[in-house]
Amino acid sequence: MTEDLSRLPFDDLVRRVRACTICADVLPRGPRPVIQISESARILVVGQAPGRRVHETGLPFNDPSGDRLRQWMGVTRDTFYDEQKLAILPMGFCYPGTGKSGDLPPRPECAPAWRNLLLDRLPQIGLTLVIGQYAHAWHLAGTGKSVTENVRRWRDYWPDVVPLPHPSPRNNGWLRKNSWFEAELVPEVQSLVNKALNTDSLSASQE
């Protein structure tokens with residue numbers, strides 16, 4: 001009889017995820033699922049998969065991509081890594097290794113095994129930041145559009161979901177070519193993030 005993981009207490013489910021080895025045979029540095037999650041989180045950040053530095057430190061977005069993402073969001077490292085406020089669930093939880101043109105795609109086994117189980121345990125999420133093509137494909141299913149087109153059409157998903165390009169330094173060329181992104185969308189993202197993070201304090205002040 002197959003175990004119904006949806007019935008597990010939240011902390012037990014998270015422990016199962018962090019002990020996952022389903023891709024162990026194909027991961028060049030072995031499994032080390034890197035996630036940040038709490039049932040109280042208001043914002044969900046959806047990336048691709050951990051890079052080498054993240055794998056080594058066990059801290060999501062602990063790299064230049066994370067520095068740029070935090071700048072886009074207008075938050076400090078302390079706020080970003082406060083799991084009570086912000087959940088981070090990449091499309092693949094483990095470092096997939098490096099190919100000829102950068103990190104390999106997220107392992108395809110990960111999302112079907114864990115993603116919906118974890119998303120179902122995040123009842124407070126009011127804002128989801130969806131980063132890069134693999135995250136777009138899952139969270140914006142059915143659009144069939146490129147990352148650039150999804151980001152250009154951000155108003156179609158606003159205000160609950162915001163499609164973003166990847167903040168990697170490898171995307172510097174894209175950012176130069178699409179200067180409208182940082183001029184037009186980033187300030188709106190910062191406003192939404194600030195509102196989501198301050199929902200509790202605003203509610204309390206109105207009581």
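Is Q48 buried or exposed in this structure? The legends below take up this residue after an overview of the chain.

**Figure 1. Overview of the predicted model.** The chain, shown here as a predicted model, contains 10 helices and six strands. Its radius of gyration is 17 Å, close to the 17 Å that the globule rule gives for 207 residues, so the chain is as compact as a globular protein of that length. Along the principal axes, the C-alpha atoms occupy a box of roughly 50 × 50 × 35 Å. Buried residues make up 45% of the 207 residues. Among the contacts with a separation of 6 or more, 72% link residues that are 24 or more positions apart.

**Figure 2. Strand β1 and its two covered faces.** Strand β1 comprises residues 43–46. In a regular strand the side chains alternate between the two faces of the sheet. In β1, I43 and V45 lie on one side, while L44 and V46 lie on the other. These four residues are all buried, and both faces of the strand are thus covered.

**Figure 3. The strands that pair with β1.** Strand β2, residues 86–88, pairs with β1 in the parallel sense through three bridges. In this pairing, I43 stands opposite L86 of β2. Strand β5, residues 127–131, also runs parallel to β1 and is joined to it by four bridges. Here the bridge partner of L44 is T128 in β5.

**Figure 4. The surroundings of Q48.** Q48 belongs to the loop between β1 and α2, the latter being residues 52–57. The opening question can now be answered: Q48 has a relative accessible area of 16%, and because buried means under 20%, this residue counts as buried. Leaving aside residues up to four places away in sequence, Q48 touches P90, M91, G92 and P106. Its contacts also include I131, G132, Q133, Y134, A135 and H166. I131 is part of strand β5, which spans residues 127–131.

**Figure 5. The cavity and its lining.** Rolling a probe the size of a water molecule over the atoms shows where empty space is left. How many cavities of 30 Å³ or more does a search of the whole structure find? The search finds one. The largest cavity holds about 100 Å³ of space. Its lining consists of C20, I22, C23, L27, P31, P33, G92, F93, C94, R107 and C110. By class, the lining divides into nine nonpolar residues, one polar residue and one charged residue. G92, one of the lining residues, is also among the residues that Q48 touches.

How values were computed:
Residues are numbered from 1 along each chain as its sequence is written. This is a predicted model: local features need pLDDT of at least 70, side-chain atom pairs count only at pLDDT 80 or more; totals for chains, interfaces and linings use all residues. Side-chain values use heavy atoms; hydrogens and water are left out. Buried means under 20% relative accessible area, exposed over 50%, partly exposed in between (1.4 Å probe, protein chains only). Two strands pair if DSSP finds at least two bridges between them. On a 1 Å grid over the protein atoms alone, a cavity is a set of points where a 1.4 Å probe fits but cannot get out, and a pocket is an open set with protein on both sides within 12 Å along at least five of seven lines; lining residues have an atom within 4 Å of a point. Grid points are joined across faces, edges and corners, and a volume is the space filled by probe spheres set on the points. Ala, Val, Leu, Ile, Met, Phe, Trp, Tyr, Cys and Pro count as nonpolar, Asp, Glu, Lys and Arg as charged, and the others, Gly among them, as polar. The radius of gyration is taken over C-alpha atoms; the globule rule is 2.2 Å times the number of residues to the power 0.38. Contact means heavy atoms within 4.5 Å.
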